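Work through these exercises with the sequence and the 3D view side by side. Try each task before you read its solution.

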Amino acid sequence: HGTDVEKVNLNWCHMSDVGLTALSPGLVTCAKIKELDLAWNELHDADVLASVITALHARLEGVNVSGNPVVDAGFAVLCNALCQCQHLRVLFAPYMHNTAHAMPAICDALDQCQQLVRLFMYGNEVQSTG
């Protein structure tokens with residue numbers, strides 16, 4: 001029964017933005033989803049990702065978007081959507097090609113995520129500037 005699904009694992013599916021858009025109506029009907037794993041797909045459009053996350057925001061506790069090429073300003077859009085997830089505790093976002101240029105906007109967005117306790121962003125193109 002689809003509405004009882006709590007964990008959705010769609011990593012390494014070669015899914016594009018079009019594929020996620022097609023899956024969105026089905027995902028939204030699963031009101032109990034707590035964990036969403038979309039890692040290592042071909043998701044470029046932050047607006048598509050944000051719309052899915054916004055629709056599922058009520059219960060999401062963990063989101064993995066690792067390895068998707070949503071960069072800089074797009075990732076800030078995604079973070080703003082994630083901040084609507086009142087129960088979000090863990091965000092995996094390594095290897096998304098974000099740069100230091102995007103970090104202020106990302107930090108501002110994530111600062112609103114009151115329940116976030118673990119953030120993984122290793123493998124991005126952020127380097128310390130001192």
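**Exercise 1.** Leaving aside its neighbours within four places in sequence, which residues is F75 in contact with?

*Solution.* Keep in mind that this is a predicted model. Start at F75 and skip the neighbours within four places in sequence. The contacts left are V65, V70, A93, M96, N98, I106 and M121.

**Exercise 2.** Find the residues that touch the most other members of the largest nonpolar core.

*Solution.* The core has 41 residues. Those that touch the most other members are L20, I53, V65, F75 and I106. Next, look at the helices. At least two core residues come from each of α1 (17–28), α2 (46–55), α3 (73–82) and α4 (103–110).

**Exercise 3.** Classify the ring pair of F92 and F120.

*Solution.* The whole structure holds four aromatic pairs. In this one, the ring centres lie 4.4 Å apart and the planes meet at 5°. Planes under 30 degrees apart count as stacked, so F92 and F120 are stacked. Now place the rings: F92 is in strand β4 (residues 90–92) and F120 in strand β5 (residues 118–120), 28 residues apart. F92 is partly exposed, at 30% relative accessible area.

**Exercise 4.** Do the same for Y95 and Y122.

*Solution.* The centres of Y95 and Y122 are 5.7 Å apart, with 85° between the planes. That pair is edge-to-face. Y95 lies in the loop between β4 and α4, and Y122 in the segment after β5, so the pair ties together parts 27 residues apart in sequence. Y95 is partly exposed at 39% relative accessible area. Y122 is partly exposed too, at 48%. Finally, widen the view: ring pairs link W12, W40, Y95 and Y122 into a cluster.

Note on methods:
Residues are numbered from 1 along each chain as its sequence is written. This is a predicted model: local features need pLDDT of at least 70, side-chain atom pairs count only at pLDDT 80 or more; totals for chains, interfaces and linings use all residues. Side-chain values use heavy atoms; hydrogens and water are left out. A nonpolar core is a set of buried Ala, Val, Leu, Ile, Met, Phe, Trp, Tyr and Cys residues joined through side-chain atoms within 4.5 Å. Buried means under 20% relative accessible area, exposed over 50%, partly exposed in between (1.4 Å probe, protein chains only). Helices (H or I, at least four residues) and strands (E, at least two) are DSSP runs, numbered from the N terminus. Contact means heavy atoms within 4.5 Å. Rings of Phe, Tyr and Trp (its six-membered ring) pair if their centres lie within 6.5 Å; planes under 30 degrees apart count as stacked, over 60 as edge-to-face and the rest as tilted.
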